[in-house]
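Visitor: I am new to this structure. Please take a close look at the salt bridges, and say how the places they join sit in the chain.

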Amino acid sequence: RTKDWGFGPDDLTLNSQTERLFQSVWAVEFKKRLCWTRRAREKQGDDLSAVPSAEDMKQIAEHESGEKLREAVEFAKKARKKLDGVFELDETMMREAKRLLKTVSIEQFQNLRALWRLVQPVIPSVINTCLLGMLTTVLRAKFHQLGVWMAAIEAGVAGDLELASSRLFQLWVGHMLIKLLELPESTYMKRAKAFFGATIRNGVLTAMTTQDYEYFDRTSAGVLQDRLNRDADELGENLIEFPVRMLNRTAWIVCNLYIVARQSPAAY
């Protein structure tokens, strides 16, 4: 409360008015977010007069995920805790907001299950990519370091040509294995992304063919084409390539930490 920060008795009236004004303004904002979220989750009717404007479409897109309403509910809880006895929202609106958020969560969970059905066919290729990538990472950690090359050079300088030749042969075999494993790794990755992207595009095109004329009137063909290509590529990048890359980076860090621990001198 602002009263706790040194306000005198003469300031309490202004302080109370400010708190009441804040409550009124936030009640309007909360109701607006609730209405837009409800509208975003509703199905569009067939009445052409109900076609939303560009500004309405922007609001619907911003509130469709339910994040803005969830932020409003959390803020209302904090304000009620801070302004105990002053800040109160309509309990009916609060219950409706929580019920709507629960519905949104259920629908999003169903969307996750639909997404899982799309990802499931490419899981074998992703697993193969992960295994090959981790094996390649381990080999790189072993053979892509100066110590291995220096050992071969030092053996040659010392006159032990047999040991130097053996270590150079090991280096050659290691690098050849890395190159041989990189080809199937990239092949599995491209195959998984291509299959997943094609599935997404086919699903989007199938959904587009079921839309009525008003959908294409308010959404330009350029926007649809851009979303069709870019979103499919971004989904493939985020759901397939990014986890594999992070797993390879983790394996790289673990391997290097192990090598450093093995090569570090023992404590006295």
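Guide: The answer starts with the whole chain, goes through the salt bridges one by one, and ends with some places for comparison.

This is a predicted model, in which local features need pLDDT of at least 70 and side-chain atom pairs count only at pLDDT 80 or more, while totals for chains, interfaces and linings use all residues. Residues are numbered from 1 along each chain as its sequence is written, and side-chain values use heavy atoms, with hydrogens and water left out.

The chain has nine helices and zero strands. Both are DSSP runs numbered from the N terminus, a helix being H or I over at least four residues and a strand being E over at least two. Of the 268 residues in the chain, 26% are buried. Buried means under 20% relative accessible area, exposed means over 50%, and partly exposed is in between, with a 1.4 Å probe and protein chains only. Among contacts with a separation of 6 or more, 76% are between residues 24 or more positions apart; a contact means heavy atoms within 4.5 Å.

Now the salt bridges. Side chains of opposite charge can pair when their charged atoms come close. The rule used here asks for a side-chain nitrogen of Lys or Arg within 4 Å of a carboxyl oxygen of Asp or Glu. By this rule there are eleven salt bridges.

One of them pairs Arg-38 with Glu-96, with 2.5 Å between the closest N and O atoms. Arg-38 belongs to helix 1 (residues 12-41) and Glu-96 to helix 4, so this pair ties together parts that are 58 residues apart in sequence. Arg-38 is partly exposed at 28% relative accessible area, and Glu-96 is partly exposed at 23%.

Another salt bridge stays within one helix. Lys-179 and Glu-182 meet at 3.8 Å, N to O. They are three residues apart in helix 7 (residues 161-209), about one turn of the helix. Lys-179 counts as exposed because its relative accessibility is 57%, whereas Glu-182, at 23%, is partly exposed.

A further pair is Arg-245 and Glu-237, whose closest N and O atoms are 2.8 Å apart. This pair belongs to a network, in which salt bridges with shared partners join Lys-193, Glu-237, Glu-241 and Arg-245. Arg-245 is partly exposed at 28% relative accessibility, and Glu-237 is partly exposed at 26%.

Some other residues give a comparison. Leu-115, in helix 4 (residues 91-119), is partly exposed at 25% relative accessibility. Leu-115 touches Phe-196 and Leu-239, leaving aside residues up to four places away in sequence. The C-alpha atoms of Leu-115 and Ile-200 are 9.5 Å apart, although 85 residues separate them along the chain. Thr-129, in helix 5 (residues 123-143), is buried because its relative accessibility is 1%. With residues up to four places away again not counted, Thr-129 touches Glu-185, Tyr-188, Met-189 and Val-244.

As for links between cysteines, the whole structure has zero disulfides, a disulfide being a pair of cysteine sulfur atoms within 2.5 Å. Cys-130 is buried at 15% relative accessible area, and Cys-255 is buried at 15%.
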